[in-house]
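Take a walk through this structure with the coordinates open beside the text. The route goes from a single side chain to a sheet, then to a group of helices, and ends in the loops.

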Amino acid sequence: MSRNNSRFAADLAGAIDGAPEQPKRPTRLGMGVLAGRENRLAELATGSVVNRVVELVDPAKCRMWEGHNRDYAALSEERCRDLIESLKAQGKQEVPALVRRVHDDPDYQFEVISGARRHWSISWLRNNNYPEFRLLVEIRDLTDEEAFRLSDIENRAREDISDYERARDYLRALGSYYGGRQQDMAERLHVTPSWLSRYLDLARLPDVIIGAFVSPHDLRIKHVTQLKPLFKPAERMARVVAEADRLGAARAAGDAVPSAASDVVRQLTKAADAPKKSGSPKKSGSDALLGATSGRPVLRIDRRTRKALTLTLLPQDGASRAEAEAELGRLLDQHWPA
């Protein structure tokens, strides 16, 4: 090789060794990860996706928020049976409970805003041979009013929360968050004032009226709409209260009294009107005779004229045959005394 050729080869090798390193082209996998991360950050920045903090925690480290709308003490294995069986079948909890952090109690880390049945069921499973279960929670930073509205939105359509539980929660929130202003509360909840008013009426029922029922959880909105007209004037209210007190005392003593909520309402409605004076002329119309034991309708009497009565048997209303025979006998004795 000539001297010129040797120098050319050396210069070429030096130029190659001294050239800056070319950047490596990203692999397809690296490009996908970077693109996905950029898309996620863009979504979070625009608000189209909200980043949530979800954890699995020991339910013993969670307390119930004092504003929770469910009666936690009333929960039982029977009331939570469907959820317990679902958790066992799936082996995990699918929907997280909503919680917020606790800063004022060293015994707890979180308080449950929504998810009392999930908390109760997971606790039950851990105490009954399923220690691997933990409570799935979504951690939020919420004010009390925000927590109330969030809990209400999640639970409003649930059938496993009674009308009475929801009503008491609304009455508490009315004073705690809305200064007693029902219109403001209805606007915040996106409901009509009349819809909200019916729940507040239920929550305001006197304790003696509620005591006439087997459980306050048996009360429904339809029942309060039937009871409210009985409270005026004061004389009717007094008779209704007296009958409710009698029913509650009789039930506590173990006596046979109506148990279905509709039957209790019917009994209170009957008691609202003053008894007719003996010897007063009967007006045309309809009256129902009730069984002495069950308090359920047995016969309906239609007084179309002063000289004739029309009787209608009511066998589907729950009274026994013996009660029907007894009431019919008393009616016959009244018109054909021995």
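Glu 243 counts as buried, because its relative accessibility is 13% and the cut-off for buried is under 20%. The residue belongs to helix H11, which spans residues 234–252. What does Glu 243 contact, once neighbours within four places in sequence are left aside? The partners are Gln 267, Leu 268 and Ala 271.

Now step back to the whole chain. The model is a predicted one. The protein chain has 13 helices and 8 strands. Of its 338 residues, 35% are buried. Take the contacts with a separation of 6 or more: 62% of these join residues 24 or more positions apart.

Turn to the sheet. It is open and made of 5 strands. Their order is E1-E5-E3-E4-E2, and the pairing is mixed. Which strands form the edges? They are E1 (53–57) and E2 (62–64), each of which pairs on one side only. From one strand to the next, the twist averages 45°.

Follow E4, residues 110–114, through its pairings. E2 and E4 run parallel and are joined by 3 bridges. Cys 62 sits opposite Phe 110 of E4. Arg 63 has Glu 111 of E4 as its bridge partner. E3 also pairs with E4, but here the strands run antiparallel, with 4 bridges between them. One pair to look for is Leu 98 with its bridge partner in E4, Ser 114.

Is E4 enclosed or open to the outside? All the counts point one way: 5 of the 5 residues of E4 are buried, so the strand is largely enclosed by the rest of the structure. Helices pack on this sheet too. H5, residues 144–155, touches E3 and E4. The direction of H5 makes about 50° with that of E4. H4, residues 116–126, also packs on the sheet. H4 touches E2, E3 (97–101), E4 and E5 (135–139). Its direction makes about 125° with that of E4.

Next, find H8, residues 193–203. Its buried residues are Leu 196, Tyr 199, Leu 200, Asp 201, Leu 202 and Ala 203. What covers them? The cover includes H6, H7 and H10 (221–227). Two of these packings deserve a closer look.

Start with H6, residues 163–177. H6 and H8 pack at an angle of about 100°, and their axes are 8 Å apart. That angle makes H6 roughly perpendicular to H8, because 65 to 115 degrees counts as roughly perpendicular. From H6, the contact uses Asp 163, Tyr 164, Arg 166, Ala 167, Arg 168, Tyr 170, Leu 171 and Leu 174. From H8, it uses Trp 195, Leu 196, Tyr 199, Leu 200, Leu 202 and Ala 203. The residues of this contact divide into 11 nonpolar, 3 charged and no polar.

Then take H7, residues 182–189. H7 and H8 pack at about 110°, with axes 9 Å apart. H7 is therefore roughly perpendicular to H8. The crossing of H7 and H8 is right-handed. On the H7 side, Gln 182, Gln 183, Met 185 and Ala 186 take part. They meet Pro 193, Leu 196, Ser 197 and Leu 200 of H8. The division here is 5 nonpolar, 3 polar and no charged.

Finish in the loops, with the backbone. Most residues other than glycine have a negative phi, and most peptide bonds are trans. Which residue lies between H7 and H8 with a positive phi? His 190 is in that loop, and its phi is near 60°. With 72% relative accessibility, His 190 counts as exposed.

Asn 129 has a positive phi as well, about 75°, although it is not a glycine. Its place is the loop between H4 and E5. Asn 129 is exposed, with a relative accessible area of 73%.

The last stop is a peptide bond. From Lys 232 to Pro 233 the bond is cis, with omega near -5°. Pro 233 lies in the loop between H10 and H11. H11 is also the helix that holds Glu 243, where the walk began.

Notes:
Residues numbered from 1 in each chain as written. Predicted model: local features only at pLDDT ≥ 70, side-chain atom pairs only at ≥ 80, totals over all residues. Heavy atoms only, no water. Axes fitted to C-alpha atoms, helices over the stretch in contact; angles between N-to-C directions. Helix = DSSP H or I, 4+ residues; strand = E, 2+ residues; numbered from the N terminus. Parallel < 35°, antiparallel > 145°, perpendicular 65-115°, else oblique. Left-handed = near helix turned anticlockwise from the far one by under 90°. Contact = heavy atoms within 4.5 Å. Nonpolar A, V, L, I, M, F, W, Y, C, P; charged D, E, K, R; others polar. Pairing = 2+ DSSP bridges. Buried < 20%, exposed > 50% of the residue type's maximum accessible area, 1.4 Å probe, protein only.
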